[in-house]
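Subject: Structure handover and findings

Hello,

Here is the structure we discussed, for your own work. My notes on it follow below.

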Amino acid sequence: MKRIVFLIGLAGLVLASVLSSTAAAAEQLVRVNTPTQFAKQKLTSLGLDLTEHGGPSFVEVVLHDPADGETLRTNGFSYTMEVPDLAAQAEADRRADVAYAARTAVSPLPSGRDSYRFLQDYENDMAGLVAKNPDLVKPISLPFKTHEGRVVKGIEITNNVNNAADGKPVFLQMGVHHAREWPSGEHAIEFAFDLVNNYGKDPRTTDLVNRVRTIVIPIVNPDGFNLSRTVKANEGDPDTGDDRVDENAELVRIVGDPTFEFKRKNCRRFRDTAPCETNRALGVDPNRNYGAFWGGPGSSGGETSEIFRGPAPFSEPETQNIRDLVSKRHVTMLITNHTFSNLVLRPPGVATAGDPPDEAALEELGGAMTAQNGYRNIPGFLLYDTTGTTEDWTYNATGGFGYTFEIGRNRFHPVYESMVNEYTGKTARSRPGAKGTEGGNREAYYIAMEAAANPKNHSVVTGSAAPGRVLRVRKTFQTPTSEPSKAGDPKSPRKTFTDNLNVSYNVPASGNVDWHINPSTRPLVAGKPGREPVGPPSAAQTFAQNETDLPCADADTELETCKEDNEFTVPGRPDDNGFASVRIEWGTEESDWDLTILRVNADGSREVIGQSAQGGTNFEQFTIKNPTPGGKAVKYIARVVNWAAAEPWKGTVKFESPKPAERGIKESWTLSCETADGTVLGDRPLEIDRGERFAVDIPGCAAPAGTGAGGPNAGAPDPGAADLLRPVATLQVPRISTNRTPSTRIPIKFFGQDDFGIRFYRLQVRELGRTGAAGYRTIFPRIESTRFRFSAQPGRTYQFRLRAVDLSGKPSKYVTATMVVPIDQESEGVKYRRFREQSSTTTFGGTYRTGRSRGATLSYVFRGGNFSLIGLKSRLGGLARVTLDGKSQVIDTYAPRTEDRAVLFQRRLKNRQHRLKVTVLGRRQAASGANNVRIDALSIFRRSENR
């Protein structure tokens, strides 16, 4: 909610905030007007204590002394007072906590706790969970001690917890990077209690705990937290390390010396300075010390700044600990908890980084979580630019998804009851427009854990290997900072530092490999999403005020007397609108209108998607990204609210085309097989994308005959399974040109029409025509997606068999499997790359035959019916000529990377024999990474009306 110092021109209404000299000397919380992204960037450069609370047009800042306010004024920033005395507020909050604890026997939290923990309480609670659940909870100690000599502690939670290299996806929960943000640690440890308490009782929890390894580090910054929580670091019993103090006694210390309760940073000393408890300004901000983009906007090189980034990337033990942990585990989902602002932030933290390649998936998952806690779902930079933050490094270095939760609407550590309600969902359910089923941060965390488990969000290594072998993936690369390599020359290349990822997996006694890993290509180099426009943007639209609205000083009002809804439609195809910018303007800055944008859903419901509520300007503006998903027209509402205005406004909606995608490169893991004592038996590159599976195939690593998934009985019938395809798709792997490695990884594309009840498929292979060739062996024991890779030797012939598992009993009428081998063909001076595909398709329930490709052409003879030509896409696509009964048409096979298939060409034909010929024409050669460009073969699917 916006607050201002003066409202003028409205029936003589004048509101003035007059601060006493005592309040002026106190630490204060102010709301700084930042009407543009440039203003936010300028604000972050001043070295002030920026909170994580902000909106489209403001950021809240802590003023520690009058000089901070003077810095704002000198740099042209206006601000309004939110809290004139933080110490007085803290005193009132802690008194409320004492009252809450007195009237509450057991809180609604999983632990039942009724007051904020001290550092020793966290350690005691984690030790208690371990002692009572030794097979489910394991203690961990991170390797780097803090500046004051503390060990950062945490716990791991899963069944059979002591096998840390069991291959499960990892969900990492963290709290208290910033010392004063007490709820962040409470939420992290309460989720640990939630998982342990409900294991074996709640099916959902039990399933997730069995499939995911959850790591909880509730206090990343124990030095700073201990100082903030106890006000004086030397309180308590130094012999036992018990830092707890009496709650009532704490109130006295807060009044006498409130400064340290709002400490943000760690306890690094400046050269020969005194210990941390003597000076709140000491320390480094851990959430500006991570390596990716370190040293850029939103951080400071000034040692006394609250956003001091430290002397170098990862200079601090707190960030070194998290780096070490993430580099040795495949963290597929990460949440770092902070306070406050009711936000779920996703990468990137700095606007110039642009949308990441997984923006659509990150936004969708963020939306699922914010539907439960009522927070805003935005990229980090929309709060303000930050660099050196946690998930900007973890996501860009590993590909694991990561989010920052900014817990609570206001205050770094509000009354405990408020923190409880944020976790349980009571706060979210009480907000206007709530459905009454919101589960708060508890449910949001469960959704994140489900995303951690979902293989579409990461990658999986499968197949078989000898029991006791150790599989390892590793890679070393350079990660850029924001610091120019030449001092004073911002155009020079950025300095980099070396990152090493090294994660192992212990092959179990069964020999069956099921190892969940992150993709091999880092998001930082994978390119940017986007697309070429397929039509022009629409013409601008205008709308104007037609009602007299009364001021109500509430941007989120539901009062009809002070708001006006203006409906507009963003046109769909043939127009192509990648962006729609909604703007309202009026005469002078003396008036203040606010703008909220709502989307009208198909069921008629309305959903708030953005807001602009600046103050101190004569306009408000919000840009809708991808306003017409799927190319269909969508209705929106521009809600204009009279905060404090007397002048009329007028509005416009302007449209822009989508931005083309930026090409990236492909990277590989090095996958090795080792003995238990570390002897390397063999290794190979492993290039694997998000959502893909890869079967282990390393010489010397195979399971002995008769054991595991690769033994001689691998092709035996599965109980309850049915063969729908009897031997499928004999495929000759061609000899590969000399610029390729002796063995190659063959992309396998598979379509299974599983609407008849198949739960999953098992893919098996055998090699033909070789002496002593064994029977079928399983290479993918559980297929749940459509993209795989198989390692094949050039010149050899393989036969694949698909087995359907867990049938519902309904017989199949149509199943198709297609295997595809792309082969590069290069010649000097040729601008287009040509491809030769070899494809085999076996169909049950169809009425046509398939032919094998010759050169770059696929030919089919079939009978008529309603059919579609389907393209199995690579990201870059290409051109193909379709010739049907002698008539040709060139089509573009491009589709977004997230699509597994797309209908490219379809006709309804008479029921007679037809001939279809598809020739792949090629793709314009990429400037770099050309060997990664490919076109996937095309398949024919008959659409049977009685299916």
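A residue is called buried here when its relative accessible area is under 20%, exposed when over 50%, and partly exposed in between. C276, at 2% relative accessibility, therefore counts as buried. Please keep in mind that this is a predicted model.

Disulfides

C276 is bonded to C267, with the two sulfur atoms 2.2 Å apart. C267 is buried as well, because its relative accessibility is 4%. The angle about the S-S bond is -70°, and the link of C267 and C276 is left-handed.

How many disulfides does a search of the whole structure find? The search gives 3. Counting bonded cysteines along the chain, the pattern is 1-2, 3-4, 5-6.

Another of the disulfides joins C552 and C562, whose sulfur atoms are 2.4 Å apart. This link is right-handed, with 70° about the S-S bond. Both cysteines lie in the loop between β18 and β19, so the pair ties together parts that are 10 residues apart in sequence. Their surroundings can be read from the accessibility: C552 is partly exposed, with a relative accessible area of 22%, whereas C562 is buried at 1%.

The remaining entry is the disulfide of C673 and C701, with a sulfur-sulfur distance of 2.0 Å. The link of C673 and C701 is right-handed, at 75° about the S-S bond. The pair connects distant parts of the chain, 28 residues apart: C673 sits in strand β27, and C701 in the loop between β29 (693-695) and β30 (728-732). Both C673 and C701 are buried.

Strand β27 and its partners

Strand β27 spans residues 669-674, and 5 of its 6 residues are buried, so the strand is largely enclosed by the rest of the structure. Strand β14 (residues 470-484) runs antiparallel to β27, and 5 bridges join the two. In this pairing V473 stands opposite L671 of β27. Strand β28 (residues 680-686) is also antiparallel to β27, with 6 bridges between them. There, T670 has P685 in β28 as its bridge partner. The hairpin of β27 and β28 has 5 residues between the strands, and within this hairpin G678 takes a positive phi near 95°.

The loop between β18 and β19

E560 is found in the loop between β18 (541-544) and β19 (563-570). Is E560 buried or exposed? With a relative accessible area of 58%, E560 is exposed. Its side chain makes a polar contact with the side chain of K563, at 3.1 Å. E560 and D549 are 11 residues apart along the chain, and 8.4 Å separates their C-alpha atoms.

Helices α6 and α13

Helix α6 covers residues 182-198, which is 17 residues. From its first C-alpha to its last, α6 reaches 25 Å, close to the 24 Å expected at 1.5 Å a residue. Of the 17 residues of α6, 15 are buried, so the helix is largely enclosed by the rest of the structure. Just after α6, G200 has a positive phi of about 80°.

Helix α13 (residues 416-424) has Y416, M419, V420, N421, E422 and Y423 as its buried residues. What do these buried residues of α13 pack against? They pack against α4 (86-103), α6, α14 (426-429) and α15 (440-453). G425, just after α13, takes a positive phi of about 100°.

Nonpolar cores

The largest nonpolar core has 53 residues, and those with the most contacts inside it are I155, I157, F171, M333, M369, Y403 and F405. Helix α15 supplies the largest share of this core, 9 residues. Leaving aside neighbours within four places in sequence, M369 is in contact with I335, V344, Y403, F405, A444, I447 and A448. Apart from this core lies another, of 44 residues, which includes I140, L142, F477 and C701. C701 in that core is the cysteine bonded to C673 of β27.

Regards

Conventions
Residues are numbered from 1 along each chain as its sequence is written. Side-chain values use heavy atoms; hydrogens and water are left out. Helices (H or I, at least four residues) and strands (E, at least two) are DSSP runs, numbered from the N terminus. The expected span of a helix is 1.5 Å times one less than its number of residues. Buried means under 20% relative accessible area, exposed over 50%, partly exposed in between (1.4 Å probe, protein chains only). Two strands pair if DSSP finds at least two bridges between them. Contact means heavy atoms within 4.5 Å. A polar contact is a pair of N or O atoms within 3.5 Å; within protein, one must be able to donate a hydrogen and the other to accept it, and residues adjacent in sequence count only if both atoms are side-chain atoms. A nonpolar core is a set of buried Ala, Val, Leu, Ile, Met, Phe, Trp, Tyr and Cys residues joined through side-chain atoms within 4.5 Å. A disulfide is a pair of cysteine sulfur atoms within 2.5 Å.
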